[in-house]
Amino acid sequence: MNQLATLVETNSYKGNGGFVKRGAERFLVSDDLKVMPGLTSPTLMLLKDLNIDDANELESQSLNLGPTEILQLLQLSLVSKTPLTDWVQLKQGTIFPTELEAKDMGELLGTKPSNSESKKMDLKLFFSKCGHEVLYAESGEDFVGFLFSFLTFPLGSILKLLGGKSSRGCADNLYSSVENFSTDNYFPSEEIERMLLSPKLAPFSACESQLLHIEESVNPQYMVDSCWEPNAEWFVRPVVADSCCNSFERKFSGPLSLVNPKSSAGEATGRGGFVNRPIKFMVTDALAVTLLSPISITSYLADLNIRITDVGEKVVSVGENEALNLLKMALVSGKALTNDFNLVADQSVSE
């Protein structure tokens, strides 16, 4: 185990490295990121939807895409209904929209049929009685661990969870475009399609306080092998992979499993949490997390210019619906807790 080893991919993942088949036809991508086959019917339908009758009104322009431009498009897809137009204007010097205006957030909040068996956790909110806005939440490691788990979610899983209403942008159109394509014509395999529509969490990325249903990848097992030659290179292969040499020409060690990074005992199973326990945290309306202390509380209220007599408190229950809305608000709002827990409509708050 003191030798460097190279990880070898399984045959099932080898290929051209893309999600779309080589040699597939050209694609048409609309301003709101709907992806369609580049054929006559979709092209004419798009022009009709845009009220373009005269082809002379159209002009073409070639643009180069690099890592910076891709990141800009990703950000614009979450906040804009016309990310391609905004991106072109950005290239021409338009100021980048750094913050989404939180208007009509009620349109984005949704509900699902409640499951009486689903996990729930209690959360204590402190709010302004005058402004009816959440100031901060007082929580333990369970809620904070759940919030931190947002950072492990694949974007495709977020879009699936939020059912077509993920943000004020148009990232959902990318998801629905994949749903509308046929696997035989566009994707190398059904596995690739599932990877886009239902991507799994990486092994050990789930937390004990998980309220949302995203499947975690199975912890793969590996074998370490090397040819019987002096100073031969060692390879780490998934157990399903084919060896490049005949078995009698190789020496093996294993099987091996990945170690759970959240386990202090070095276990290869279990979930674990993202933070040490037991600790109390302050979670602000904008989801900034800090340790809770008398100094942090008074300093925060002073920064907001909130009088002590204006502070109310309320205990709320966080289940799957609240968790989904909180995930959505984390993407589009600077007041995630206030928008998730509507205190104006709730008359049971503490005075």
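Reader: Where does Val20 lie?
Author: Val20 sits in the loop between strand 1 (5–7) and strand 2 (27–29). Keep in mind that this is a predicted model.

Reader: Why does Val20 count as partly exposed?
Author: Its relative accessibility is 34%. Buried means under 20% and exposed means over 50%, with partly exposed in between. Val20 at 34% therefore counts as partly exposed.

Reader: Which residues form a nonpolar patch on the surface?
Author: Val20 joins Phe19, Phe27, Val29 and Met195 in that patch. Together they have about 370 Å² of accessible area.

Reader: What makes Leu90 count as buried?
Author: Leu90 lies in helix 3. Its relative accessibility is 18%. The cut-off for buried is under 20%, so Leu90 counts as buried.

Reader: How are two packed helices described?
Author: By the angle between their axes and the distance between the axes.

Reader: Why are helix 2 and helix 3 called oblique to each other?
Author: The axes of helix 2 (residues 67–79) and helix 3 (residues 83–91) cross at roughly 135° and come within 9 Å. Roughly antiparallel needs an angle over 145 degrees, and roughly perpendicular covers 65 to 115. Neither fits roughly 135°, so the two helices are oblique. The crossing of helix 2 past helix 3 is right-handed.

Reader: What makes helix 6 roughly antiparallel to helix 8?
Author: Helix 6 (residues 171–180) and helix 8 (residues 190–197) have axes that cross at roughly 155° and come within 10 Å. Angles over 145 degrees count as roughly antiparallel, so helix 6 is roughly antiparallel to helix 8. Helix 6 passes helix 8 in a left-handed crossing.

Notes
Residues are numbered from 1 along each chain as its sequence is written. This is a predicted model: local features need pLDDT of at least 70, side-chain atom pairs count only at pLDDT 80 or more; totals for chains, interfaces and linings use all residues. Side-chain values use heavy atoms; hydrogens and water are left out. Patches are made of residues with over 30% relative accessible area and no salt bridge: like charges are joined within 9 Å, nonpolar side chains (Val, Leu, Ile, Met, Phe, Trp, Tyr) within 5 Å. Accessible areas come from the Shrake-Rupley method with a 1.4 Å probe; for residues, only the protein chains shown count as cover. A salt bridge is a side-chain nitrogen of Lys or Arg within 4 Å of a carboxyl oxygen of Asp or Glu. Helices (H or I, at least four residues) and strands (E, at least two) are DSSP runs, numbered from the N terminus. Buried means under 20% relative accessible area, exposed over 50%, partly exposed in between (1.4 Å probe, protein chains only). Axes are lines fitted to C-alpha atoms, for helices over the stretch in contact, and angles run from 0 to 180 degrees between N-to-C directions. Angles under 35 degrees count as roughly parallel, over 145 as roughly antiparallel, 65 to 115 as roughly perpendicular and the rest as oblique. A crossing is left-handed if the near helix is turned anticlockwise from the far one by less than a right angle, and right-handed if clockwise.
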